Structures are given as C-alpha cells and as structure tokens.
There are 2 protein chains.
Amino acid sequence: MAYRVVGRSVARNDVIDKVTGRAKYAPDVVIPHMLHGKILFSPYASARIINIDTSLAKSLLGVRAVITGKDVPYTYGSVIKDRPIFAQDVVRYQGEPIVGIVADSEVIAEEALNLIKIEYEEKEPILDPFEAMKADSSLLHADLGSYQHNKITYPEAETNICSHYKLRKGNVDDAFEKSDYIFEGEFSSQMIQHAFIEPIVAVADADNVTKRITIWSTACNPFVIRKELSSAFNIPMGKIRMIVNNVGGSFGGKAYSKIEPHVAALSLACSAPVRLALTREEVFNLIVRGPGHFKIKTGLMKDGTIVARKIETVWDTGAYAECGPVIARNSGHTAAGPYRIPNVKIDAYCVYTNKNIAGAFRGYGVQEATWAVESHMDDIAREMDIDPYDLRKKNILHYGDEGATGQIVEGTGLEQCLDAAWEAVNRKEIKRKSGSKLMGRGMACVHKATLAPSVSSAIIKLSEDGTATLLTSTTEQGQGATTVMAQIIAEELGLPYEEIYVSGTDTDYTPYDTTTTASRSTFSMGNAVLLAARDIKEQLMIIAAEYIGVDKDELTFEFGKIKVSSQPEKSYTIKEIVSKYYGLNGTLIGRGLYRPDSVPEDSETGQSTKITPFWMYGTQAAEVEIDIETGEINVLKLVAAHDMGSAINPMNCRQQLEGAALQGIGNTLYEEIKLNDKGITVNPNFHDYKIPTAMDSVEIESILIESQQKDGPYGAKGVGEPALAPTGPAIRNAILDALNIGLNHLPLTQEKILAAIEENKEKLEGC
Amino acid sequence: MAYRVVGRSVARNDVIDKVTGRAKYAPDVVIPHMLHGKILFSPYASARIINIDTSLAKSLLGVRAVITGKDVPYTYGSVIKDRPIFAQDVVRYQGEPIVGIVADSEVIAEEALNLIKIEYEEKEPILDPFEAMKADSSLLHADLGSYQHNKITYPEAETNICSHYKLRKGNVDDAFEKSDYIFEGEFSSQMIQHAFIEPIVAVADADNVTKRITIWSTACNPFVIRKELSSAFNIPMGKIRMIVNNVGGSFGGKAYSKIEPHVAALSLACSAPVRLALTREEVFNLIVRGPGHFKIKTGLMKDGTIVARKIETVWDTGAYAECGPVIARNSGHTAAGPYRIPNVKIDAYCVYTNKNIAGAFRGYGVQEATWAVESHMDDIAREMDIDPYDLRKKNILHYGDEGATGQIVEGTGLEQCLDAAWEAVNRKEIKRKSGSKLMGRGMACVHKATLAPSVSSAIIKLSEDGTATLLTSTTEQGQGATTVMAQIIAEELGLPYEEIYVSGTDTDYTPYDTTTTASRSTFSMGNAVLLAARDIKEQLMIIAAEYIGVDKDELTFEFGKIKVSSQPEKSYTIKEIVSKYYGLNGTLIGRGLYRPDSVPEDSETGQSTKITPFWMYGTQAAEVEIDIETGEINVLKLVAAHDMGSAINPMNCRQQLEGAALQGIGNTLYEEIKLNDKGITVNPNFHDYKIPTAMDSVEIESILIESQQKDGPYGAKGVGEPALAPTGPAIRNAILDALNIGLNHLPLTQEKILAAIEENKEKLEGC
C-alpha cells in the first residue's frame, strides 16, 4: 500500500527547537524560590558509618537543610527493593549518597559538604563477582531473602546472588554426548559509561504539608519512577508528578530512579523547590554498564548443525540490584544466539559486589551476550574450517522455528539481514595484506526481545480547526519518537504532518506508558497512537452522519476528508464537522490503549510461547585493517542490516544504525571504566575515559530490511537497541579473519591487540 | 439517596496551597531568558494617529523590540472581529494599545515608553450611547457591516449599533390597550470595575520560526482565547498553548482575550519569552462593566396580573464590541423578569461609544436587568398598593409555565426561593423609625440562563494504586470548582476525596471546555466528570470480569470495591484489578463529554423552546436603615435564598452567596468609574474607587434551596452569577419601603440618597 507520510524521511519535528536552543531539558528548569542541592557521596567502596557530624554544615549561612539516612529511612527499587536513599550505617559502593544538603546556591552547598565530618570504619571491598558467589563470602545484603522483588527476579537468600535466571530446553548433557564436536569459550565485557551529553539533573518542588511532589527530571521512564517514589515515601501516586521534556540522551542510563528520590527528600525537607545537578564525575559514579562474563559450550554435528549449547553468565551488578536481574535474565534468554538449537541450558547469575551500580545499557544485556556468542560462532567456524557465513546460514532461525525460549519465529527478517550484510561487505574483494597492515572481514548476528508485559496509552486531541495534539508519555531522548508518532497520526487522519504537535511527558497529564526503553516505542506506542487516531475517525464518522443527515455506512474517510457515497462530488472537512457538531467549538478526544500479548516465562525453564511481542533481528559486517607493528586498528567499513518491520521514517532508522555503529566502535575498541583495588573509579571523566567523536566515524552502509511485522503500526517494530549489539563481535571476527587471533575480552584496545600479536606470532603466519 | 462525599462541606482542596503561598498564579511565572513588556496606551478617547516615532525608544540600551499596529496588522474578537491588537491609525478609546515594547526589565520598558513620540489629531469623543445611536452620528466602525461576527449578534451596518437583539412574544400593543394599569420606569446601572485581587498578567513564550506560542495567563476561558489568537495570527490552534493555573478572581473580567494577543505579538517579535503585567490603573482602563439603560413599561389587570411588558435597553459597550452583544442579548432575554407574562417586547441595543471597553461581569447583563425590572416591580406594587411579595407571588413563573423566551419552566425552585427569603426577613418585626433613622425591607427575584450551546469534556486518570487525577479545563478562580469536581469523583468511584488531584488548565493537555463563566461549571463540567468516572467504572468492571473469571453481570461496584455476587464475602480493590490487568502497571483513562441540549433562538423573536439547559433562580431580601439627616445607609441584614439544584458542597455555596452579597453592596451603594468630558477615567485606582472590605460586611443569611435539577450531577446546577443580581434591587426596594422614595440610577451613594431626601421631603411624611 502506498502511504503519503509514513515511509518518508520527513524532517524531524523537533529540529528547529533543538537548533535554536529553545527545546526544554530538565537542566533548563528554573523555578521561583528554587534552592540548590548537593550530595555527599561515599569515598569508600565498603565501610561502616560510625558517626556523621553535620552541625557545622547546618550552621553555614545559606544552608537550608542537611539530611541523612536517619531523616529519610526509606528504601527503593522496582526490581529488588534493596536500596536506601541515603546510606543507613553501611556503605556498599564508592559514590553511595550519605548526606544531602540544600542551600541558596550550589557554591554554598558545596562549601557545606566540606564542613561535614564522617567517621567511617573502612572494610575490604568485594570486587570480584566470582569471589562474591562463593559460599563463604561475606554478604552485601544479609536481608536479601526478605526484600520485595518483581516476578522475573530470582534471588538466592543468604548469598550475594540477587538473581539466578534459568533457561532449560531439551537435554544438553545427552546432546553433548552425541555431538561430533564440542567447543568451549570464555568471553567478557567491561564496565563502561553511557556517556549521554546531558548529565543527570532533577528539580523537585514539594512541600511537607500536602506531600505533593512535582519533579522535572532527565528520566526516561517517569511512570516507573513515580511508582518507586510512591512506594519509597508512602505517598499516593496521584500526588507525585513527573515532568520530562526532552532528554539529552539516555541509552538506558536514565531508566529507573537516579537522583529523583534524593531531590524529592531534599525538597520535602525544606518545603521548597530544589535543583540537584550532578557533575560528570558524579554521573560516572552513579550509574554504569556493568561487567559481564560468559562461559559457552557448544556441541555440533559434523555437518555444522548445532545440537547443544550451554552458557553460564555472571553479571556484576554492583552494590544494589537496580535492573541487574532483568539484564541477566534478558541476556540469558537471548544468549544462545539466533539459532535453531534443540538443547539449551543457560544459567545467568546477577551478583552483588562493592562496585558501581550497573543499570540498563542499550540492549539490556543483549549487546554483551551477542559479543560472547557471536565471537564463539566464528571461533567454531574457524576450528571446523567452515565459512562463518555458512555456519550461521545453516543454523539460523527461520520462520516457524522454535527459539531457545520456546517462542515460534514469526518473521523472515533475520535471514534477510544475514544475506544482505554479507553480500554488502563482500561486494568487492579485499587485499588481505599491505605492508605491515593485515585486513579481514567479520560478521555477527543479533536477535533481541522487547519488554513484556507492558502497556502504552495515547490520547489525541483534535481541535476544531483540524490540528491535532498527541499526548504521550514516550520520552524524546533524541531517537525521533515524536517525529514517528506525528507521521502515524498524519497518515491515519490525513492531516498535515507539520501541524501535529507531540507533547512532553507529564504524569499528571499524559497517559500511561511503561517505559521508553527496550526499543518498544514505535511498536507499542505507535500502536496506541494508531488506535487513538482510529478512535478519532470513528467519532468523526458518527457525528458527521448525524449532521450530514445520512447513514454512517454511507460515509468514507479519505485522508482527512469525509465523503458521502450518494454525493460523490462533495466532501466535508474535519473542521466543518466538528464545528457543526458542537454548535460552536470543541475538540475530539481519541484514546488508544495497546497491551501486546505475552506469556510469562516458567521460572524454572525460562520457557514461554510468547516471551516477547516481537523479536528484532540484525546482522552487521565489518572490514578492518590492523597494523601488526603497532596494533593500531582501523575499521574500514561497517555494514548494518537490520529488520525494522517497516521504516516509518527511513532517515530516522539510518540515524539509529549510524549512531549505534559509532557507539559500538567506542564500546568495542577503547571505552572502559577502571577501578583501583579499593573499588574507586580512576577515570571518571571524558579526559581519561575516551568516547568516539565525529573524527572516529567510519564508512557505514545501513540496510533497512522491511519484513512487515504483522501486528506493528504500518508493519513497524523496533531497531534502536539491536543496532548496537553486533558491532563488537563483527569487528572482533574481522580481526580474527585478519590475524587468526581471537580476542575474547573487551575492550580491544591497541595495547591489547599488540600484546596478542606479540604472543601469537605463529598464528599470523597463515595470514 | 444518601451520599458519602457529595452534599458535605469538605474542606477545599486548594486551601493549603493557597495559605502557604504555594498555589501558582500567572504572575508567579518565571521563565529563563524572560524579558518584560510594556504597552503605550492612548491618552485620548478619540484621535487619529498622524505619526509614531519609536527611534529613540528602539535605541535605548536594554530594549529588545518595539512594535506598532504596522508590525501586527491583525484584528481579533470572538463576538465581533472588530478590534486591532495595536491601533491602526485610529484611536477609539483612552487606553487603546498603540505601541508595545520589550526590554530586559520593566523599568527599562517603562523608560522606553517615555521616549516614544506620537503625533495625534485629537477628536471629539462620542460618550453618550443615545447620541451614538442617532442617524447623523459619526461612526466608530465604518466597516461594521463587513465584520465577522457570531450567530447571536445582530449588527446594524452603517450605524454605531453593534447588535440589536429582539424578543417578541404575543402582542404588547394589544395587551397594553386592554390593561387596567400601565406603569413606566427608567433605570440605569453605572460603569464599574471587576476589582479582582490579581491584576491581569500574561507571559508568552513564542518564536517566529515555528510560530508555536505558549501563554500563561490569568484567562478564565483559555480555549476561547486560543481560538481568537489562532484567528488573529493565522496560526493553527494546535500550535497555541494556553496555560492557566489559579486565577485570582475574574467575575467575568478575565473572559475573552485581554492582553494575550499583545504579549503573543511581543514574544513573536523577539523570539523570546515576554512577561506583560498590567498595573491596577491599566486594568481599570482595560476592561469595565459598562453602563446600561432600561426603559420599562408594564400593563396589569386590576387584580395585579401582569399582561404586558415592553423594554428598551441600551448597552454602552465602549469602543469595541468585546462580548457586549451577548450581554445585551442575555440581559434581553431575562429582562422581563421571572414572571408569567403573555405579551413581551424587548429591544436590547449594544452601542459603540468612545468609552472603555465593557466586558462580561458576573451575570452577563442579568444583574443590571434585575436592577431595572425588580425596582420597577416594587414601584408598581407601591402605586397599586399591593404588597410587593404578593405582586410577585401572583405573577411568578411556576413549574410548567412558559417564560418570555418560550421555554417551559422545569423546576419549582423560584417560588421556594421567594417564600423562603420573605419568611426569613420577616421573621421578626422591625421598628420603622428610631431617631433620625428610618428602616425598611425590600426584596428582589432573579432568573438567569446559562450559556448555550457549550461543551465540557473531562478525563480522569486512575493510577494503579487507585488514586485519581482529573484533567479539566475549568479554571479555578476562587469559586471552589476543583473541590466540587473532586467530590463528584470521590462519590462516584468511592475514592478518598483527599487523594484526588485536579489539574490546572493547559490547552495542550486538558480536554476542551467552552468557558468557566455563566455559572456552568458545576452542571456542565460536573456532568462531564461524572461521565468520565462512569467510564472508568465500566472499564474496571470489564477487566475485573476478565481477571476474576466471572461474567460481568455478576459484578457490582460498591464505593470503590468490586464485588462478585457468587462470592459475597469477597471484594476486590481497584489497585488489585488494575495491576492484574496490565500484568505490571498501568492507568485507566476515563473520558466524559457533556454537550447539553439547547435550541438556537429565532433571530427576529428571540424565541426558543430551550434557550438554556437550565435556569437559575433566587430571591434576596434586605433590611436597611437610613439616617435621613445624613443620607447614610446601613444594610442591617441580607437574606439570600437561591436554588442550587442541590448543594454538592454547602459551604462552597454559602461562600458564593456571601461573597456576592458583599460585592453587591459595593456595586449598589458606592462603586462607580467616572469619566471626564474627554472620556478619561478620573478614578482608576482603589484610593478613588472604593470597594467593600471585610469591615463593610453585613449580616447575611444564606438559604440553600435544593430543587434537584433533573439532569444535573447529583441534582446540582449553578449559583455563582445569580447570587449577585437581586442584592441591588432588594436594597433599593428596602429604601423605597423606608423612605417612600424610589432611586432608579446606580450607585445609591450617600450623597444621592441625601439629595433625594431633600427633594422629596413630602414623601417621607407617611413613614
């Protein structure tokens, strides 16, 4: 079907506001009488607090409140409710909030920090998750067994394992017995930063009488945070208002409460608006992508058919669970790779340590699982002397196959991605060697689930002049969601795209949406928006029939015009109909609620006939050259072929792929947060922690595969997260192709490559 | 039926925020980078602009924009589109905006005003509406015939009559022929100020590229203003956002655009946020209640039956129509009084003069019409020697009678009010004389229509913990609307009243409501809220049936709990049901749209079977004492018996009656804006223009008549406006009773009373 607005690369509807500096972000919020907050963070990764003396700080001129865990004895956490707002006697990581200060200015608040005296008893931190898992390890959370947690978290009481996810399919032991070949590998991913441009900021306006709290924040799932605050402070949800306008990048790092509980406590403490803005260093210590470790064992038959795969993953979630258990679980149910394997056993452990708290990161564990399994695939291919493409092609999930979680594959996108990416990177021959430089090609596939269960709702207000406003709680983080939603409305109601306004999120006003994560917005919110538009249309037809004086069945809606079958020459505009109906003025309210089907997993086997409303697929291929004298690596080309169901805005989709490629290069080649042996971050800034800049960009060929997701809005599904996952293993496999050396531990720095070359001189010989 | 929340005087839900200064009003709005506006208003009531020199002002350091009518050649006006934003060559009243300035501070903007040089050609202003109506009068609006106007405005081209409303019922000429008695009277009401506490302020944030405009203002009907701005600036409605939080009193004076077009133009001119705050003097000159003049002729039979009434009203609307034509029309269809009169002829003229612009004032012309007709009723009673109560009782509209507009009376409240008020004021004997003081009693009735057509819509968001947020565009002006709406939701959904939050108005987010005027909110928005609550209930029952696994018919909803008929011991909370349904979290969205029936009037006769969805009724009685040596008057007691259908919050209703009584005393006894012979206001401040203070309060007995409006929410209808109307004539008729002197021209100042006593010594003799 030909569409007029959908499928076109219309200009983003937020571009002018962003270029002119007019777009509002949380850091821009200024409120009359606003005070400024600061937090004293723990300098130790593990300690007991003996005494806190805030008396001098309290008496500093301009200080309005000083609070500690004694004043706010509440805990929070959606996944596991394990986290105090301010430390209660025990410090579990460097950067744990201990004291909150409110003052007339940031400078005074900072000065007051220096006047606080805390006596600590320093303790030896547990920094190694494998140590933490041992039976005799001391416990970070002795009360783990009694903590509230959600249904997809499986804590093991009296241990440091805050969740143990299991996937069981077939019988791996039997299958390994029968296998012709068995391969094993160990892979790891490092601790990194989300590195969003906008730091974390929140402004709260609350008072201690009504207990009503309004928070402007950089959050990407404000309804989740509203619920966390409601539970932590024991305040009804209706009294908590979260406002999120634009978010300056999140990549998962702004999901769940960050400093919202703290700023709320500070505002309540002095019944005045308080702004709390973290420095870049504080952001580094507040939230990270945690390290992951993967042990994989695969059994194959001689012809390359994979018959069994066993995986043990250990996720280091840091001092508090945050969403670590969900990351472990999501990583777990994806870790077998997008292959048809009858026997799978996966154990994913999420483990407490005295390290920085690990949160969601673009892909929720799938980037890391993909790193491991796709690297392992090429190792197998090399050992078996099969082309890595052929190994994948042989085992890849097809339409109708059952995946590891028990869900049947409903789309054909994966194989299309595989073929398209490999074709593109092989379009011309490469020279394998040039001077001291060796070249190679590699590829990697990804499959990724989205979040379930979840719900999205949307309201469209159609004004009497036919201009529409969409109320949605999807947060705009730079991904272009407002543009896509406006395109859907424009298409469905036949309105000018430019005249559709998409609201910011305000939990008092905008309808519920679970979260803007998991690449779910285009599909879930897109469907809700589509339903809301159809609801508008339905209402228009009813009132049009009444006022034209014909039967509703005689009417048709054609791109913004209502036509009567008996009067083919006439048509009515929305404006005409709405004004007539109300006698004067009025707006129509369209409502859409979308709650995709899903089936909860079995807690012992991870099996479900529908663990996710849709799967996302992609394949990337890389071409690299390595200077074997220096270890320097150049990514010459990246091909990213991803299945987006359909591209509502092709330009937006390409930007997702291109942005992800650059982020993936940084994640793969140089980014790493380093802790010293006391558990203290040594490089919490962009001087010592390098991220790619435009200068590091490479040639990217993005290929949009449109498999038409059957229940997606205009056939669309998500693409943002899986876009990142295959970049790392594709580059790694290209290095393997070039050097015959497999590098299993991220990041693949120049030093690490050079060291590997030095150690494996013999392997280079065949190259 | 016994209710749990409705019918109770629960504490207002805005009280704490208002007491602690936390409630947000437009003057509190502060935006980063905000600039400040000022307007140069015309010092002449009538002039031609020869030249405007803004060059010096533009070069003042800190001035960001200077604009005139040349830059913004747009007109606005919902009733008649007759008004330039800034004067276009012609000045039609003192206070007409001529130049707008934006500067870094108010002080700089004011300084810039002094640097503007304007050359005027001063003209003789037309200040008398009767002069203006003459065929040879010069015309204020030569193009009146070509102006856009609404359907209930009847302009006469090539005259100064911007509307001529006609009511024709029966045949008054024949009826006068057959009458036993004919009485005639002339009455007038003066120009007054609304005297709201909060002056008029607006902040606009717009830019000239996207043309998106956000305005925070003191408006009481933001959707009307949105439409006016959309039409004036030719910008789609969806790009205009009006935000109104609390309004510090309106009394109709903040209906329709006030300074919103100006602040929008200023903000567009410099693509920056601009605050425009009027001084009290500027407010006086911006909007007034205009003067009205009434000629009444009544024919009666010997037994006191009224058989004919003829009225000619002239409304002086000032230089631009604003809502003057609607005031004239509304006053017109009420002016015959709440009596059964078979022959009625009313002509209401709305006339342009070079005076201040007259806008809506609590009652929309009905206070003034009541002044005239109810004074006239007592004059008739005195002449015919009938008790004024008996004269009214004999002629009053009963259930089933047809009123002057052709609508059948559907309630019995009017007669109940009449009897209750008269009983209360006569409960004990009064001494008729004491020294130099004479005492008397008087009464007056009122009937009033509300606005039609109109529409109200409401959205209720029910969070998963069972707390509800109401999205409504009813503006809270101090009248207690948010309290009443929360009571309706609490009652209908069985939720704790304290946990229901009612939003402020934001045209981007809150659903359409025509206006917060015309005493329509409790009835219209109340019904929309009730429908939204029922919609929530309906959804709850459906999802409850699904998740309990029973048939929907087995379920009942009992004040917040869902019960299953087969399990009488069990009940389910809203929280339980909502969480189960969504699997995790989610909110329900209830939607209510209320569009009361009405029938447009015939433009030649004013007849309609339903000109208004409901009529409001009331009777007030006053007891006064006058010192005949000084003319000083004391109101000893006021009884206000009003029919509210039912009192959802009795305390709120009493506060409406008490507030109106005090306002009515000021309107009746001393308030008056005075213009000199050039048309310039001489007392534009609260030093020279007196309003009542708490010290002027009198004993008020408020009687709530509950006639149960059949289609009102819980039987309720409106009361705010009619509460004001009978106070004046009740006091006037008490003076007549005391002194035997009828005073026909407002205000009844001490000087005027003393002069009347001096002139009518002989009339005092019988007292």
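**Helix packing, domain layout and chain pairing in the predicted model**

The crossing of helices α16(A) and α17(A) is right-handed. This feature belongs to a predicted model, and the geometry of the helix pair is described before that of the domains and chains. Helix α16 of chain A covers residues 650-669 and helix α17 of chain A covers residues 727-739; the two pack with their axes 8 Å apart, at an angle of about 60°. Because angles of 65 to 115 degrees count as roughly perpendicular and those under 35 degrees as roughly parallel, α16(A) is classed as oblique to α17(A).

On the α16(A) side, the contact is formed by Ala660(A), Ala661(A), Gly664(A), Ile665(A), Asn667(A) and Thr668(A), which meet Thr727(A), Gly728(A) and Ile731(A) of α17(A). Sorted by class, the contact of α16(A) with α17(A) comprises four nonpolar and five polar residues, with no charged residues.

At the level of the whole chain, chain A is divided into three parts, each assembled from two segments: domain 1 (15-22 + 454-594), domain 2 (31-123 + 200-277) and domain 3 (292-451 + 601-764). A distance of 37 Å separates the C-alpha centres of domain 2 of chain A and domain 3 of chain A. Their contact draws 17 residues from domain 2 of chain A and 21 residues from domain 3 of chain A. On the domain 2 side of this contact in chain A, seven residues are nonpolar, six are polar and four are charged.

The model also contains a contact between chains, in which 47 residues of chain A meet 47 residues of chain B. The elements of chain A that each supply two or more residues to this surface are the helices α1 (15-19) and α6 (222-233), together with the strands β20 (456-462), β21 (468-471), β22 (500-502) and β27 (588-594). The side of chain A that touches chain B has 20 nonpolar, 14 polar and 13 charged residues.

The spatial relation of the two chains was examined by superposition. A turn of 180° with a shift of 0.0 Å along the axis lays chain A on chain B with an RMSD of 0.1 Å. This is the relation of a two-fold axis. Within chain A, the residue that comes closest to the rotation axis is Tyr509(A), whose C-alpha lies at 3.0 Å. Of the interface residues of chain A, 100% are also interface residues in chain B, and the copies therefore meet through the same surface.

Notes
Residues are numbered from 1 along each chain as its sequence is written. Chains are lettered from A and ligands numbered from 1 in the order in which they are written. This is a predicted model: local features need pLDDT of at least 70, side-chain atom pairs count only at pLDDT 80 or more; totals for chains, interfaces and linings use all residues. Two residues are in contact if their C-beta atoms, placed from the backbone, lie within 7 Å. Helices (H or I, at least four residues) and strands (E, at least two) are DSSP runs, numbered from the N terminus. Ala, Val, Leu, Ile, Met, Phe, Trp, Tyr, Cys and Pro count as nonpolar, Asp, Glu, Lys and Arg as charged, and the others, Gly among them, as polar. Domain bounds come from an automatic or database domain assignment. Copies are superposed by least squares on the C-alpha atoms of residues with pLDDT of at least 70 in both. Axes are lines fitted to C-alpha atoms, for helices over the stretch in contact, and angles run from 0 to 180 degrees between N-to-C directions. Angles under 35 degrees count as roughly parallel, over 145 as roughly antiparallel, 65 to 115 as roughly perpendicular and the rest as oblique. A crossing is left-handed if the near helix is turned anticlockwise from the far one by less than a right angle, and right-handed if clockwise.
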